[in-house]
Amino acid sequence: NLWAASVGWNHSIVDEHSSRQTQTAISAYFLKLGGPFWAYETPVLGPPWSIPFEFPLYQWMVAKLSLISGYPLEQSGRLIARLFYCLSAIPLFSLGLGLGAGRVGAWILAGLFLLSPVGMFWSRTFLIESTAVFLGLAYLASVERALSTRRALFLALAAAFGVLGAMVKVTTFVAFGLAALLLWARRLKEMTVKEEIPVVISIFLLPFAALVGWTNYADALKEKNPLAGFILSKNLRTWNYGTLEQRLSGDFWYMIFRKHMHAAIGHRTTWIFSVLLFYFAPRRHRIIYLVATVLFLLPPLFFTNLHILHEYYATANAPFLVAALGFLIAGLLAENKPWKNMAACALLGVATLLCVRTFLGQPYHVQLTNFPAPVDLGQQVQKIVDPEEAILVYGFDWHPMIAYYSQRRTIMNRDRFAMDSPEMQASLKALGERKIGALLLCDNSARDLNLLNEVRAHIELEEKPSIEGWCKAYARKR
């Protein structure tokens, strides 16, 4: 695990899903500069610059680490992400003990999780995924401890982790919330009504209220931005949930049984072996295996389109398949029959080898590759645009790569609004005294002379591009 993290540690964050990585990184960068926390800035769609999605716990921690230690921002992001990934083994170990895996079984659960290819790869990126998984697992472990010990401390921890988990990434938290609901239902007969009320408030109502409150607050900020209507919650329903046609497609189930299984436990062969041994495990472990497998399937069934388009979403459901496998192995080890113990060891060995093998495939080679071109472009942009100026960008949708590596605020006109449209006029007016320092034409926009002339009618630009290549940059006339 530690070796895997070190591969390509100092490379740029322009690799897999670089748009999401640079979106997270630019928010951390402006927090490091002293920007607001609650209305944190992601300055890619023009002013006002705040278009929050997740609660910025991860971004704030990265910014603080980089600011206090002097460690580079990108490596700080990787360090915090990896730290949360490794810390996730602690609540998973606690869950193993609490749900009857035994001490050896709990160690196996933690070990398999730390070798999960999807976790090893994505926890090295500048993303919130490992933070969200940690919060979900810590919430679930606290719920289990609160229900089994009836101690107020664990109930308070469950509330705290639940509130943070729901606000940081609800698409990850949902499955952990459903798992907590099952744990609560399992203990329901043992509790009085007086005991149930604080449990329900702490475990379910507080996280839900925090989620609703944060979502409404984030949408209120986005509504102030004339170019950000497409990312309001009400406009993202199909984008988030997908369609029934997607759920019934062969590609979707191929993704589950090929990509997600390989990402979680190394290979579908491991799962097939576990199914063959399922009948021989104790009943308690078989039930947990089935429940965890269902929870593994639920996130992609709920947020289908997100899981299809974003490979890193597999980090949300991978822990459940790891748990199913770990509990089955623990159950076979607990039996007093040597052949079952040997079968458990064989299954553990196969899972370990296949996890390593899968990581040494595409993830390892992606980490080995560095992509310096966006870094170079950003440095060139810095030379022609003053720090207090903004950039007008066409192309690459609203990919924050240019904004992040140039360390400049941008107006990315992804919808190609005309310069005299109400949306663009409102955005330019909101700049106040800040000026457009350059126009960047990227992708197919670089060949659009009509677009260049339209912008020139409103902003005085140099005749020739200051930067040529995969993006053309025209600086403002000084």
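In this predicted model, the loop between helix 2 and helix 3 holds Pro48. The peptide bond that leads from Pro47 into Pro48 is cis, and its omega is near -15 degrees. For a newcomer this is a pleasing detail to look for, since most peptide bonds are trans.

After this loop comes helix 3, which covers residues 57-69. Its 13 residues reach 18 Å from the first C-alpha to the last, close to the 18 Å expected at 1.5 Å a residue. Leu57, Tyr58, Gln59, Val62, Ala63 and Ser66 are the buried residues of helix 3. An α-helix has 3.6 residues a turn, so residues three or four places apart point the same way. The cover over the buried residues of helix 3 includes helix 2 (18-32), helix 4 (73-87), helix 8 (129-149) and helix 9 (152-168). Just after helix 3, Gly70 adopts a positive phi of about 80 degrees.

Positive phi values also turn up away from glycine. Most residues other than glycine have a negative phi. Arg150, although not a glycine, has a positive phi of about 60 degrees, and its place is in the loop between helix 8 and helix 9. With a relative accessibility of 37%, Arg150 counts as partly exposed. Gln407 is not a glycine either, yet has a positive phi of about 55 degrees. This residue sits in the loop between helix 22 (401-406) and strand 2 (409-412), and its relative accessibility of 33% makes Gln407 partly exposed.

Turning to helix packing, helix 10 (residues 170-187) and helix 11 (residues 193-223) make a good pair to follow by eye. Their axes come within 11 Å and cross at roughly 165 degrees. An angle over 145 degrees counts as roughly antiparallel, and helix 10 and helix 11 are therefore roughly antiparallel to each other. The crossing of these two helices is left-handed. On the helix 10 side, Val170, Phe173, Gly177, Ala180, Leu181 and Trp184 take part, and they meet Val199, Val200, Ile203, Phe204, Pro207 and Leu211 of helix 11. Of the residues in this contact, 11 are nonpolar, one is polar and none is charged.

Helix 10 appears again in the surroundings of helix 16 (residues 283-302). Helix 16 has 20 residues and reaches 29 Å from its first C-alpha to its last, close to the 28 Å expected at 1.5 Å a residue. Its buried residues include His285, Tyr289, Phe296 and Pro300. The buried residues of helix 16 pack against helix 10, helix 14 (250-265), helix 15 (268-277), helix 17 (304-309) and helix 18 (314-334).

Key: Residues are numbered from 1 along each chain as its sequence is written. This is a predicted model: local features need pLDDT of at least 70, side-chain atom pairs count only at pLDDT 80 or more; totals for chains, interfaces and linings use all residues. Side-chain values use heavy atoms; hydrogens and water are left out. Axes are lines fitted to C-alpha atoms, for helices over the stretch in contact, and angles run from 0 to 180 degrees between N-to-C directions. Helices (H or I, at least four residues) and strands (E, at least two) are DSSP runs, numbered from the N terminus. Angles under 35 degrees count as roughly parallel, over 145 as roughly antiparallel, 65 to 115 as roughly perpendicular and the rest as oblique. A crossing is left-handed if the near helix is turned anticlockwise from the far one by less than a right angle, and right-handed if clockwise. Contact means heavy atoms within 4.5 Å. Ala, Val, Leu, Ile, Met, Phe, Trp, Tyr, Cys and Pro count as nonpolar, Asp, Glu, Lys and Arg as charged, and the others, Gly among them, as polar. The expected span of a helix is 1.5 Å times one less than its number of residues. Buried means under 20% relative accessible area, exposed over 50%, partly exposed in between (1.4 Å probe, protein chains only).
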